[in-house]
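Got your viewer open? Let's walk through this model together, one selection at a time.

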Amino acid sequence: MKSKEKKVQNEKEKEIVVKQKNIKAKTTIGENSVEKIEEKKTQSGFIPSYAKKDENKVKGKKEKKQLPKFVIKSKITFTIVISLTILVLAAIITLVFFINSLKYKPYIKYEENMKIYAFDSVYDNKTAKTSDKVTKSEAIKMVLSAVFNTSDISGFSKNPEDTYENARWVKYAVDRGIIPQNEITKENYNKKATYIDVIRYFAAVKSKILNKALDSSETTVKDINGYSSDEQLAINDMLYNKIFELKGKKLKGRNKVFKGQLNEMIKNFVEKYNTITIDGAKININPDKKPSNASEYPYTLANIDKSVYEIPFFIIDKSEFKNPKHLYAQRKEFYTQMQSKAEGYLNTILNIDYNNISLEKLKNDLEKYLSYPIEDKYLNEYVEYVKANNIKITTKVSTQLPCLYYDGSSYRVRTKVELKIDNSNTKMNLLLGDLLKGEKINYLESSYSIYVDLKMENVGGTRTTYIDRDCIYTMIPNKEKVKITNERGE
């Protein structure tokens, strides 16, 4: 019985082993089949979805490519070449700038002179910048401006036929024989001027306008034979008279002139020939006669003592005050007018004779100097006062230009007054302004040599100036040194 049961159990175990072998065999066959199927699909171009996901992940990452060595070397070489090129260019630019700075450096100082003498604003672009170039028409304008000390010649020149810039100046130069008619035209007026052009222009105005002979003294210019005989004469004259200095052995006159060179010539020309002074008064060049406050003046004159310039100014409003140097640049073209009016007015009121004074004559003589007339009753009061006291005064006056300044309220013209009281029965209120202002001015001496800073006004924004009718005594800057008193008090 037991053996039978054992036999049955053995058979069941065998069946289980067989079944397990069959299952394993089937699994192996299945796996092989799947592998073969996948292999066939891959070979045919078909990619299963799970494989695509992996492939996309690979594609998403950019693979770094290794550059060939010769490409890397080329890039390095290119960078080095560019860097060296930039360095070379920078060095060249720096060198050019340095060379130019050396070229312009001796002339920079003349920019200040151009401002003081008000020639900087005459340039076409209103600046005297040393390195700027100059056109031919601009050059002739600057030369004429220097000789006439003005920025406007319309009052004594003819209207030009052409309308290009500076045409009036060019026409005047042609009319006066300074340049030939075809020198500057509508076609070439804007062409850059050369150094020799400017030298010729200055020599021509010296001869044609100032009526001075050119000096033919020879100079040591290495390239002098490269110029015409007229050009050589101009060069020699300008060098001999120190209108410009040779900055080397050669003139290089065919080079384009720059403003620094022209500035130098203008400054030296106007000072040499006194074209910036009234009536050609000589500019002081003697250091011993230079006033301590010379920096406040555009120039000083040789015939005026330095102590005159050193007399303190009246200053009414310090914030608006302009010393003679600053005012000159703004008002120099009115100096002749102001000088004429100052001297005319003072000569009228300081030359009095009881024998021939009359209301009508005094009124007419004063009219052109005043912005509005003095009432007849006041003038007549003075006329009768002069007659009653037998007053006779003779005076000589002279303006002390360029001592003309702005006190912050009025223009002031310093004027020398040499006054002599020839006859008078009184010492009180001898002058017109004394009575007009109700003063009690007492003249203790019979003669005076004094300085008066005469007040002048610019009325209504016009270009014409008029005399302020103030009392002469109140316009004396150094009253403490003058024996004239005001008993009424100031």
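**First stop: a charged network**

Start by selecting D197, which is buried at 8% relative accessibility (buried means under 20% relative accessible area, exposed over 50%, partly exposed in between, with a 1.4 Å probe and protein chains only). Now add R200, which is partly exposed with a relative accessible area of 22%. D197 and R200 form a salt bridge, with their closest N and O atoms 2.9 Å apart; the term means a side-chain nitrogen of Lys or Arg within 4 Å of a carboxyl oxygen of Asp or Glu. Both sit in helix α7 (residues 195-208), three residues apart, so about one helical turn separates them. Helices (H or I, at least four residues) and strands (E, at least two) are DSSP runs, numbered from the N terminus. Add K136 and E183 to your selection, and you have a salt-bridge network together with D197 and R200.

A word on what you are looking at: this is a predicted model, where local features need pLDDT of at least 70 and side-chain atom pairs count only at pLDDT 80 or more, while totals for chains, interfaces and linings use all residues. Residues are numbered from 1 along each chain as its sequence is written, and side-chain values use heavy atoms, with hydrogens and water left out.

**More salt bridges**

The whole structure holds 19 salt bridges. Select E161 and K171, whose side chains meet at 3.6 Å, N to O. E161 is in the loop between α5 and α6 (167-175) and K171 is in helix α6, 10 residues apart. Which of the two is exposed? E161 is, with a relative accessible area of 65%, whereas K171 counts as buried at 16%.

Next, go to helix α13 (residues 359-367), where K361 and D365 lie four residues apart, about one turn of the helix. Their side chains form a salt bridge at 2.9 Å, N to O, and D365 is partly exposed at 26% relative accessible area.

**An aromatic cluster**

Select Y297, Y309, F313, F321 and Y405, a cluster linked by ring pairs. Rings of Phe, Tyr and Trp (its six-membered ring) pair if their centres lie within 6.5 Å; planes under 30 degrees apart count as stacked, over 60 as edge-to-face and the rest as tilted. Zoom in on F313 and Y405: their ring centres are 4.7 Å apart and their planes are at 50 degrees, so the pair is tilted. F313 is in the loop between α10 (306-309) and α11 (324-331) and Y405 in strand β2 (residues 392-406), so this pair ties together parts 92 residues apart in sequence. Both are buried, F313 at 16% relative accessibility and Y405 at 0%.

**A buried serine**

Now find S145 in helix α5 (residues 136-148). S145 is buried, at 0% relative accessibility. Beyond its neighbours within four places in sequence, S145 contacts F119, V122, T150, S151 and W169, a contact being heavy atoms within 4.5 Å.

**Last stop: confidence**

Colour by pLDDT, the predictor's confidence in each residue, from 0 to 100. The protein averages 87, and 82% of the residues score at least 70. Over residues 26-34 the pLDDT is below 50, and this stretch has zero contacts in the model beyond near neighbours in sequence. Residues 56-60 also have pLDDT below 50, with zero contacts beyond near neighbours in sequence.
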